Amino acid sequence: MPELPDVEGFRRTLASCAQGHRVERAEVADAGVLHGVTAQRLKRDLKGRRFAAPRRHGKWLIAPTDGPTVVLHFGMTGRLVCGADSEPAGRFERVAFDLDDGHRLGYEDQRKLQGIWLAATDADVDRILGDQGPDALSLSRADLDRLLAGRRGRLKATLTDQAVIAGLGNLLGDEILWRARIHPRRPANALSDDERDRLHTAIREVLRASVRAGRVPDDPDWLTGQRDDPDPHCPRCGHPLRRGRIAGRTSLWCPHCQPDGD
């Protein structure tokens, strides 16, 4: 599932492939990924437009042109790929942009849970993104204190709520809490200063390593690397890991390293 590190990788793909280049042709193989815009309008409004520098906020990718702005969300299975426009389209390519230098930027998505929007103004971009908290990659310790203050919900649910912090998903939430040694069901407003220090440090370290890798790593010394094991054990202490539903998602934690403080 694409989370902040994946989308940051897609931003780099778009920048290296399309920034400064003109759209010769937009192709729509499946209009089911378009939101608030028809295939005909997308093709018409983007033809001849030049991509500017893209930016990311949380799990959203914002791709301005010298006309409208393309806004992309990757749901659970989306991705951006760049190749020569002479190459065959990928099996799950839904929309593609043929560029003036012979490259093709393709939006692929198997499950089609999100997709592509077209925004005429910055206000339209804000409306499409909806309520978003600060981007997790730029989160300061003061920001974290402010966001957790007064929140009675479980910490895992709070961290992965995009209206609180933008960009953290299920994998990152579990990894961060495991590294911070905090139980995912702890009340968000009940952390000590030391726990908030550990949490902020874990957010920063996990995101930096994940962005470098272009995904949440599944290395053996990462909690993520144990998720698919039928009998997972903690990479740090060796105790059996526990699975449970938190905020509607399967969560993984170590009851020895992350004691329940309720």
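Student: Buried means under 20% relative accessible area, exposed means over 50%, and partly exposed is in between. What does Arg181 count as, at 41% relative accessibility?

Tutor: Partly exposed, because 41% falls in the range between those two cut-offs. Keep in mind that this is a predicted model.

Student: Where does Arg181 sit?

Tutor: Arg181 is in the loop between helix 6 (170-180) and helix 7 (193-213). Its phi is near 60°, a positive value in a residue other than glycine.

Student: What sign does phi usually have?

Tutor: Negative, for most residues other than glycine. Lys112 also has a positive phi, of about 60°, although it is not a glycine.

Student: Where's Lys112, and how exposed?

Tutor: Lys112 belongs to the loop between strand 8 and strand 9. Its relative accessibility is 33%, so it counts as partly exposed.

Student: New topic. Which residues touch the most others in the largest nonpolar core?

Tutor: That core has 28 residues, and the ones touching the most other members are Leu34, Phe51, Leu72, Leu80, Val95 and Phe97. Several elements supply at least two residues each, including strand 1 (23-28), strand 7 (93-99) and strand 8 (103-109). Helix 1 gives the most, with five residues.

Student: What does Leu80 touch?

Tutor: Leaving aside neighbours within four places in sequence, Leu80 is in contact with Phe10, Thr13, Leu14, Leu61, Leu72, Phe74, Leu105, Gly106 and Tyr107. There is also a second, separate core, of 27 residues, with Ile165, Leu168, Ile176 and Val216 among them.

Student: How are the strands ordered in the open sheet?

Tutor: Its five strands run in the order 2-9-5-4-3, and the pairing is mixed. Strand 2 (34-35) and strand 3 (55-57) are the edges, each pairing on one side only.

Student: In what sense do strand 5 and strand 9 pair?

Tutor: They are antiparallel, with five bridges. In one of the bridges, Val71 has Trp117 of strand 9 as its partner.

Student: What does helix 2 touch on that sheet?

Tutor: Helix 2 packs against strand 2, strand 5 and strand 9, and its direction makes about 55° with that of strand 9. Helix 1 lies across strand 3 and strand 4, at about 15° to strand 4.

Student: Ok, rings. How many aromatic pairs are there?

Tutor: Four. One of them is Phe51 with Phe97, an edge-to-face pair with 5.8 Å between centres and 80° between planes. Phe51 is in the loop between helix 2 and strand 3 and Phe97 is in strand 7, so the pair ties together parts 46 residues apart in sequence.

Student: Are those two buried or exposed?

Tutor: Buried: Phe51 has 3% relative accessibility, and Phe97 has 2%. In another pair, Phe74 and Tyr107 have ring centres 5.7 Å apart and planes at 35°, so that pair is tilted. Phe74 lies in the loop between strand 5 and strand 6 (78-84), and Tyr107 lies in strand 8, 33 residues apart. Both are buried, and together with Phe10 they form one aromatic cluster.

Student: Which arginines sit over rings?

Tutor: Arg179 lies over the face of Trp222, at 4.3 Å from the ring centre. The charged end of Arg236 sits over the ring of Trp178, also 4.3 Å from its centre.

Terms used: Residues are numbered from 1 along each chain as its sequence is written. This is a predicted model: local features need pLDDT of at least 70, side-chain atom pairs count only at pLDDT 80 or more; totals for chains, interfaces and linings use all residues. Side-chain values use heavy atoms; hydrogens and water are left out. A nonpolar core is a set of buried Ala, Val, Leu, Ile, Met, Phe, Trp, Tyr and Cys residues joined through side-chain atoms within 4.5 Å. Buried means under 20% relative accessible area, exposed over 50%, partly exposed in between (1.4 Å probe, protein chains only). Helices (H or I, at least four residues) and strands (E, at least two) are DSSP runs, numbered from the N terminus. Contact means heavy atoms within 4.5 Å. Two strands pair if DSSP finds at least two bridges between them. Axes are lines fitted to C-alpha atoms, for helices over the stretch in contact, and angles run from 0 to 180 degrees between N-to-C directions. Rings of Phe, Tyr and Trp (its six-membered ring) pair if their centres lie within 6.5 Å; planes under 30 degrees apart count as stacked, over 60 as edge-to-face and the rest as tilted. A charge sits over a ring if NZ of Lys or CZ of Arg is within 6 Å of the ring centre and within 35 degrees of the ring normal.
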